[in-house]
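Morning, everyone. Here is the complex I want to walk through today. Have a look at it first, then we'll take it piece by piece.

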Amino acid sequence: MSGGNGNGRPEKLRGYSAWSLLRRGLTHEDWPRAWREHELRSSYDAVIIGGGVHGLATAYYLARDHGMRNIAVLEKAYVGGGGSGRNTAILRSNYLTPEGVRFYDRSVKLYEHLAADLNFNVMFSQRGHLTLAHNDASLRTMHWRTEVNKLQDVDSEVIGPDRIAELVPYLDVSDETRYPILGALYHPPGGIVRHDAVVWGYARGADVHGAHIHQQTEVTGIDVSGGRVTGVQTNRGRIATPVVLNATAGWSSLISDMAGVAMPVQTSPLQAAVTEPVRPFLDTVVVSGTLHVYVSQTDRGELVFGASVDPFASYSMRGSLEFTEGIAGHVLELMPALHRMRLLRQWSGLCDMTPDYSPIMGPTPVEGFYVDVGWGTYGFKAGPVSGEAMAACLATGKPPEIISSFGLDRFLSGRLVGEKGAAAVGH
Amino acid sequence: MMLLPCPWCGPRNATEFRFGGEAGRRPDPASASPEEWRRYLYFHTNPAGWSTETWYHGAGCRRFLTVERHTVTHEVRAARDTATGTTGEGIS
Amino acid sequence: MSILPTTRRTATPTSQRLGHRAGEVIDRSRTVSFTWNGRPLSGHPGDTIASALAAAGERVLSRSYKYHRPRGLLTADYLDPGAFFQVGDEPNVRGAHRLLEAGMAVSSQNTWPSLRFDLKAANGLAGRFLATGFYYKTFIKPEPLWPLYEKVLRTFVHAGAITPDPGAAYYDKRHAHPDVVVAGGGPAGMAAAVAAARAGASVMLVEEDHQLGGHLRWGDGAALARLRALRAQVAAQPGIEVLTDAVVTGRFDDNWIPIVARSLPGITERLVKARAAVLVVAPGLIERPYVFAGNDLPGVMLSTAARRLVNLYAVRPGSRAVVMSANPEGDAAVADLEAAGVEVAAVLDARRQQGVARAHGRGGLRAVETTDGRRIEADLLVTATGWTAPTSLLNQSGDRPVYDQAAARFVPDPDRMPANVLAAGGIVGDGTVDQLVEQADAVGREAARRATGGSAAGTVPGLRPAPHPELFAAGTGGFVDLCEDVSAKDITTAVAEGYDSVELAKRYTTVTMGPTQGKLETVNAVALVAHATGRSIAETGTTTWRPVYAPVTLGALAGRPREPVRYSPMQPWHERHGATPLVAGQWIRPEHYGDPAAEVTAVRTAVGIIDVTPIGKLDLRGPDVAELLNLLYVNKWSKLGVGRVRYGVMCADDGVVLDDGVTGRLGEDHYLMSTTSSGAATVWEWVENWLQTAHPEWQVHVTPVTTAYASINIAGPRSRDLLSRLTDPEDVDLSADAFGYMNVRTGTVAGVADCVLWRIGFTGELSYEIHVPASYGLHAWERLVAEGADLGVRPFGVEAQRILRLEKGHAIVAQDTDGLTQGFSAALDGLIKLDKDDFVGLPELRWQQGRDSHPRLVGLQPLDGTVVPPEASQILRTDGSIAGRVTSSRMSPTLGRAIGLAQIDPELAEVGTRVTVRLPDGRDVAAEVTGLVHVDPEGERQRV
């Protein structure tokens, strides 16, 4: 299909508004394609592998801010079909390490203005984010995160059971429970976003600035000659390019293997589930690390549940019964009144876990081959800032300061990032 | 959850086991370079296919097993006691 | 037969109950009263809520999601999107499936202020502006207003409500190991189950409805006769367990099959977890709605819905009907309607290109417009336009159904099914009941053969899907998803905007994402996407069918609470003496007995006892234990003599501190290792790991004895006096010369033989840790309390112990260290022996020491001793950047001042360095780096 409206070029990023909605409602005029389809060129200045939020955001910033317009995003299925469309869409910046806090804070700030920036309502709902502490050790970690957050001007505080009960009346804050709630890390700027909208908004934005988005285009090989990248092989033919970014999740080590670059990742499924809708009763995101569960209620009324990654290496997205049993048990431990709610659907996404629960971003030993991988369970939160940083990295060849801690070389030099303590189930 | 064929206990739900990662060889601590050592610590093949792994049957015989498992289909084609080599032929 | 004549819907609904039907499932001898939106109504036992409402003449049962359009019955079964009700405090009850119970308070959902007068129906007028994805295109600016818009959007949530304090419910779980699970109890499922059981297999037959029988139940006389015969066979056949009102909710690896069983006496829902050798999938077919303008009006329903209402519940679904039929089941519906006294105004035979173009009406069907331009007055429109094979369980088994254009439905691909999954009946193809039963009989026998390894493989006859016209949408608009209010136009629009794969269109429009899970909607959505893109349905493909196959309550998934709790044998005493409980992992321990500072003082000045049973304990025996200890601990163990105890720290191979504890040598080849409480299980596995995978040649036998012993630490200057009252010097000589610091003895304590005593000093005082066979733990504890009364003995809890150890500068693993703290950052410089040939973590620790840039663990004292910087307070450099943090801090009762431990960057780690600590309230305080040990740095007190 050839897309577009006559001249093949979609409207500028100001096309969506209440007024245009009204006008088209009256005239029954069709909306233009959000992004166009193009012929696959035989060469691009840069090729981004992975049509999720990371790849599309990188393309958007690369084209918009760095003037690189002859670029392509290759997606083996459909945009947002991987981790970007399978996560539980929780945003927050209350991390543990200064480098983590600074990085994710930038991401939240970009998210706050993303709807206006992309002219696409991504429905960022800053409803607040509660991480419950059920024992001294986790309460201590909450305090640690709070203190680091405050020093970076990130809004976090530790609150007690009474305040928690006010925010989430359905939580059982009595001391009768098996894991009594001793306190919580409260992070008001945190919340949820419509994950698909972020992907589509970036795709539309990248398209307007000239990037080509190729769906159903699978990379089958990466050509390296003399220690540098020369092109990629796809199911639709070869593309010559001096710059390749691996922005995949789940398959990141397989893609890097094509370039001969080993990745310190283990791939494991992360499962999630959604219930039938009920009338709104849960206004914040609730996370319990001890109980391995996070819960939020969408604007559609569904509860969205997530847990920690499956405890073994796997590329299967079939899911397990044990996940739903565990999640239900833990949710009812927190909110016993929910026992009549029905689970409607479960699904999995693949996560590339790194040894220090931090991503791998920047150049690799193969010149021109860059990675933005190893995102574990927290990649979606970092989409905008990663796109911004990787765009700068691809354009200049050097990682910007904000991602300097996340280089691949840290594993061989033994300089791991210290998020491991807080991020194990830190959604 | 998938079944793992324990050579001592027969097929058991994988929840009885703890995954120990890809089976790897520990370099000589006296002579290993930092790069060799950290490749041992952090870098594994992570295949989408057959993988040779360690599993610990913590809720069963408490033996460490070497298992050849397909990471996409979860089929298991071989499982033996890592120390004794027992394959448990005939146990089902 | 009594038929109440109503040609027009009147303000007061009148009874639509028919006279007796041959297959009816209601018990007319009894009446069940309930309320509908507060109004008293009644039905009969056997009625569903919806059938009772329909019998009472209610046609509008709910309002739709976005446009608040009135909705009535569509499928009259579990899936019916028009019959979701609030029943008491239970939301989203499937009203066309849930049986009526006396006293039910049923109300419609999603109506405001009432079902009949719904203000939000005004949205219907704005429908053209609320086209799919409208919310992505608006509310963008001004940004500060979005939270307000969001609040409004949330008021549209289409669902029932939960309450904070719902009634009690009981859920449980059951494990089962049937040879064969048959999912679906229609004719094929019953035949397969009987055949499998006859062949010797144990069978679990699972049927979602309240009775076995499937479509035979609402069939004609011949079908009912067949139904009785099949039910009799099932009942007579040993080896079949029948679960009705139960549903297979998924198929996971190796046929791990969850089944949710409802309607069990005294149980709200039960989750049956079956590990079956073979799964037979026999769910039959789901009738597919037809998409046309007005297809959601009350009065428009499927042929199976009309037949269920008439034949099962004896309810007349309307008075004047139009039937659009493309298949024999539709034709049968015509006959059923006529037999029920419904005037059939027209039959539109879709096999002869006749059909519905539009339905007209407001609040209910008034007229049907046909494709050839006729307008027919009617209050009932029945469609029989095709079938959907519910292939979800097959998809979860790895199958990828293929589109059969001639049959107008997706069918399973037998080549892609694993050997332990078979399909039977209508999901495979069509046929007479005889043909379905014949095929299922062969499948049942084959299932038994595969499950039990019986005789040679038989052939499984196939079933060919019957030719059927491709009927999905009339092209006049209408709704493709009634749960989500997604219209055909929405799909077309989404495709035009570039959301042109079925997965993208699904996500953009939310089609198939509602509570019916796409069972009614998916194929129509695929067809609309295919039409809009110009691709074929086969090329377009279908969306992924994900578990769960049917919604299941959180209660059923959770089952009964099963979080284990561990108590020491002394717990009854602690409870009697006012201990404040502390949750420490699985253990519940006394945090204190009211006054932790006084408990500390008692230990420093007299004697205290603490229950330390949760400390991990491993009994190690064999000639190679010393080799093992040398490998696992960073320090040296070769020269530990019999009767000696040593402290050790374990690191992992990345140099990160893993655990610590003391290990004593009880005999030549016999050691007792202690671990942290939280590390007990980890260390046990760690020990086994190194023994089994690295050194299987070593002879070491490991026995976990954590709970075999009750452990008590007796600490304080009078601890020797106290313990001596419970021991015999001939057996255990407690004198300083005979039983020195860091020694271990075995003997009798308080008359209990086989105790282990070690003299160690976590608190910094003279102290003994005794390990008593667990069943005597309470006895030993009570004796210590009784014998020590005049010595001032006092029990102390975890809090006092924390203070005592902090005064002595002992680090706690995972508090003063974290997940990346390597050995030299844990003040282990003196302990780590880099000159050993090997130990776990050696290379990394060697390199860590060489770098010398690592953080250090130090003592810390605020200059103002009255201020205790809370744990996690950050230590700042002059430029405001973070240089470390306080890992432990308390007011020391012994010193009368604040003390702490801190992780701090090396440039500030020198003893005497002044640092700035940022308190949580924002104040900065000055503190001084000190040695780790705040009290008795020389350790005189513990060596007496």
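Let's start inside. The largest cavity holds about 170 Å³ of space. What lines this cavity? There are 16 lining residues. Those nearest the centre are R345(A), Q517(C), T544(C), W545(C) and R546(C). So much for position; now character. The lining of the largest cavity splits into five nonpolar, seven polar and four charged residues. Across the structure, there are 16 cavities of 30 Å³ or more.

Before going on, a word on confidence. This is a predicted model. For the complex, the predictor gives an ipTM of 0.97 and a pTM of 0.94. Chain C has a mean pLDDT of 94, with 96% of its residues at 70 or more. For chain A the mean pLDDT is 92, and 95% of its residues reach 70 or more.

Where are the weak spots? In chain A, residues 1-11 stay under 50 in pLDDT. The model still gives that stretch 21 contacts beyond four places in sequence. Residues 422-427 of chain A are also below 50. This second stretch has 21 contacts beyond near neighbours in sequence. In chain C, residues 1-10 stay under 50. There the model has 22 contacts beyond four places in sequence. Please keep those stretches in mind when you look at the picture.

Now the interfaces. I'll take chain C with chain A. How many residues of each chain are in contact? The count is 105 from chain C and 93 from chain A. Together, chain C and chain A bury about 8600 Å². Carbon and sulfur atoms account for 56% of that area. On the chain C side, Y136(C), R154(C) and L554(C) lose the most area to chain A. Together those three make up 9% of what that side buries. The salt-bridge rule finds 14 across this interface. One salt bridge between these chains joins the side chains of R340(A) and E90(C), at 3.6 Å from N to O.

Next, chain C with chain B. Here 24 residues of chain C and 23 residues of chain B take part in the contact. The buried area between chain C and chain B is about 2000 Å², with 51% of it from carbon and sulfur atoms. Which three residues supply the most on the chain C side? They are E685(C), Q692(C) and W847(C), with 29% of the area that chain C buries against chain B. By the rule, four salt bridges cross the interface of chain C and chain B. D653(C) pairs with R26(B) in a salt bridge, and their closest N and O atoms are 2.6 Å apart.

Last, inside chain A. The chain divides into two parts: domain 1 is 46-89 + 195-264 + 356-423, and domain 2 is 126-189 + 266-353. Taken over C-alpha atoms, the centres of domain 1 and domain 2 of chain A are 29 Å apart. Their contact uses 16 residues from domain 1 and 20 residues from domain 2. Between them, domain 1 and domain 2 of chain A bury about 1300 Å², 59% of it on carbon and sulfur atoms. R86(A), T88(A) and G250(A) supply 41% of the area that domain 1 buries against domain 2, more than any other three residues. And salt bridges? The rule finds zero across the interface of these two domains of chain A.

To recap the salt bridges: 14 between chain C and chain A, four between chain C and chain B, and zero between the two domains of chain A. That's the tour. I'm happy to take questions.

Note on methods: Residues are numbered from 1 along each chain as its sequence is written. Chains are lettered from A and ligands numbered from 1 in the order in which they are written. This is a predicted model: local features need pLDDT of at least 70, side-chain atom pairs count only at pLDDT 80 or more; totals for chains, interfaces and linings use all residues. Side-chain values use heavy atoms; hydrogens and water are left out. On a 1 Å grid over the protein atoms alone, a cavity is a set of points where a 1.4 Å probe fits but cannot get out, and a pocket is an open set with protein on both sides within 12 Å along at least five of seven lines; lining residues have an atom within 4 Å of a point. Grid points are joined across faces, edges and corners, and a volume is the space filled by probe spheres set on the points. Ala, Val, Leu, Ile, Met, Phe, Trp, Tyr, Cys and Pro count as nonpolar, Asp, Glu, Lys and Arg as charged, and the others, Gly among them, as polar. pLDDT is the predictor's confidence in each residue, from 0 to 100. Contact means heavy atoms within 4.5 Å. Domain bounds come from an automatic or database domain assignment. Buried area is the accessible area (1.4 Å probe) that two parts lose on being put together, summed over both.
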